[in-house]
Amino acid sequence: MHARYGVPLGIAAVGAAGLIYSAGFEARSFRLRRVTVPVLPAGMRPLRVLQVSDIHMVGGQRKKQRWLRSLAGLRPDFVINTGDNLSDPDGIPETLDALGPLMEFPGAYVFGSNDYYGPRPRNPAKYLLEKATGKHGLNGNAPAENIVHIDWETLRDGFDGAGWLNLTNTRGVLKIEGVSIELTGLDDPHIRRDRYEQVAGGPSASADFSMGIVHAPYLRVLDAFTADDYPLILAGHTHGGQLCVPFYGALVTNCDLDAGRVKGLSTHTVGERTSYMHVSAGCGTNRYTPVRFACPPEVTLLTLVERESVGRE
């Protein structure tokens, strides 16, 4: 009896333990990452940018809400929200409440698909299939049926009412102690709502510093921002792979970005131009797959410094 069933039962036990860990601990083990990015023009003071992404709020997530409220204690110069705030059509009031202290700071946002449409159960193996076929979201796939529409206008009005800039296929400017920060944003490429032609042309000559903002880091968007000479691009969407293999990394990115740049700071090059890119692993999950493994939920505090300052003695 023991010889016959010992191995299968052992495998089942390990699998169950992994599920308990990834859902019960790691998915709720919120982290703050700190990153320094050398992108500012010479003579500009450092800027502290808090990037919040992929909250995927579900009603009753009290620990996540308390943690998000506590981030105001970092006192960033400004906040960038790169979308997918919701994973519950009824989660808007709790999302706005959790972000309330951060909305006391200057900020801007773009939306992701889950701000417009409610989540649905999904076979995780489909992400591997999409990686193999190169079809992600509405990029090559047929539109989903029986989708749940979210009252995204209420979320938008909450952000707008707090003074955050809506960067839906448009530009905006933040003034931080006399410094002009131009933000160029796009709607979500994952559902083909991006309209780069509406914002093309590169940074404005009147801005002291410019950066690109988008939810999903699709290559066509990264290429466009980089070709237009934006020094920094911020994105989310990937969840850092969400279920990663220790000492190997992510298996999927849920877009056409390579897995080697699924999260954190990297670069993107087009021709002779190179931009820094930061992809947030996000601090939530789809409500139907509330697990993370080797990829804890996070928010990132980016300190932007002069291009020449890193490595200077």
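How far is the sulfur of Cys 244 from the closest cysteine sulfur, and in which residue does that sulfur sit? The first close-up has the reply, and the other views move on from there. This is a predicted model, in which local features need pLDDT of at least 70 and side-chain atom pairs count only at pLDDT 80 or more, while totals for chains, interfaces and linings use all residues. Residues are numbered from 1 along each chain as its sequence is written, and side-chain values use heavy atoms, with hydrogens and water left out.

**View 1. Cys 244 and Cys 295 do not make a bond.** The sulfur of Cys 244 has its closest cysteine sulfur in Cys 295, and the gap is 4.3 Å, too far for a bond. A disulfide here is a pair of cysteine sulfur atoms within 2.5 Å, and by that rule the count is zero. Cys 244 has a relative accessibility of 8%, so it counts as buried. (Buried means under 20% relative accessible area, exposed over 50%, and partly exposed in between, with a 1.4 Å probe and protein chains only.) Cys 295 is buried too, at 0%.

**View 2. Asn 254 sits in a loop with plenty of company.** Look for Asn 254 in the loop between strand S11 (249-250) and strand S12 (264-270). Helices (H or I, at least four residues) and strands (E, at least two) are DSSP runs, numbered from the N terminus. With a relative accessible area of 16%, Asn 254 is buried. Leaving aside residues up to four places away in sequence, Asn 254 touches Tyr 127, Glu 130, His 136, His 190, Tyr 218 and His 237. Touching means a contact, that is, heavy atoms within 4.5 Å.

**View 3. Arg 62 belongs to helix H2.** This helix covers residues 62-70. Arg 62 is partly exposed, with a relative accessible area of 47%. Now find Glu 94, which is 32 residues from Arg 62 along the chain. The C-alpha atoms of these two residues are separated by 9.1 Å.

**View 4. His 56 has a positive phi.** Most residues other than glycine have a negative phi. His 56 is not a glycine, yet its phi is about 50 degrees. You'll find His 56 in the loop between strand S2 (47-52) and H2. His 56 is buried, with a relative accessible area of 2%.

**View 5. Glu 177 has a positive phi as well.** Its phi is about 50 degrees, although Glu 177 is not a glycine. The loop that holds Glu 177 runs between strand S6 (170-176) and strand S7 (179-185). Is Glu 177 buried or exposed? Glu 177 is exposed, with a relative accessible area of 68%.

**View 6. Stepping back, the chain has seven helices and 14 strands.** Its C-alpha atoms fill a box of roughly 75 × 45 × 40 Å along the principal axes. With 313 residues, a compact globule would have a radius of gyration near 20 Å, and the chain agrees with its 20 Å. That radius is taken over C-alpha atoms, and the globule rule is 2.2 Å times the number of residues to the power 0.38. Of the 313 residues, 50% count as buried. Take the contacts between residues at least 6 apart in sequence: 76% of them join residues at least 24 apart.
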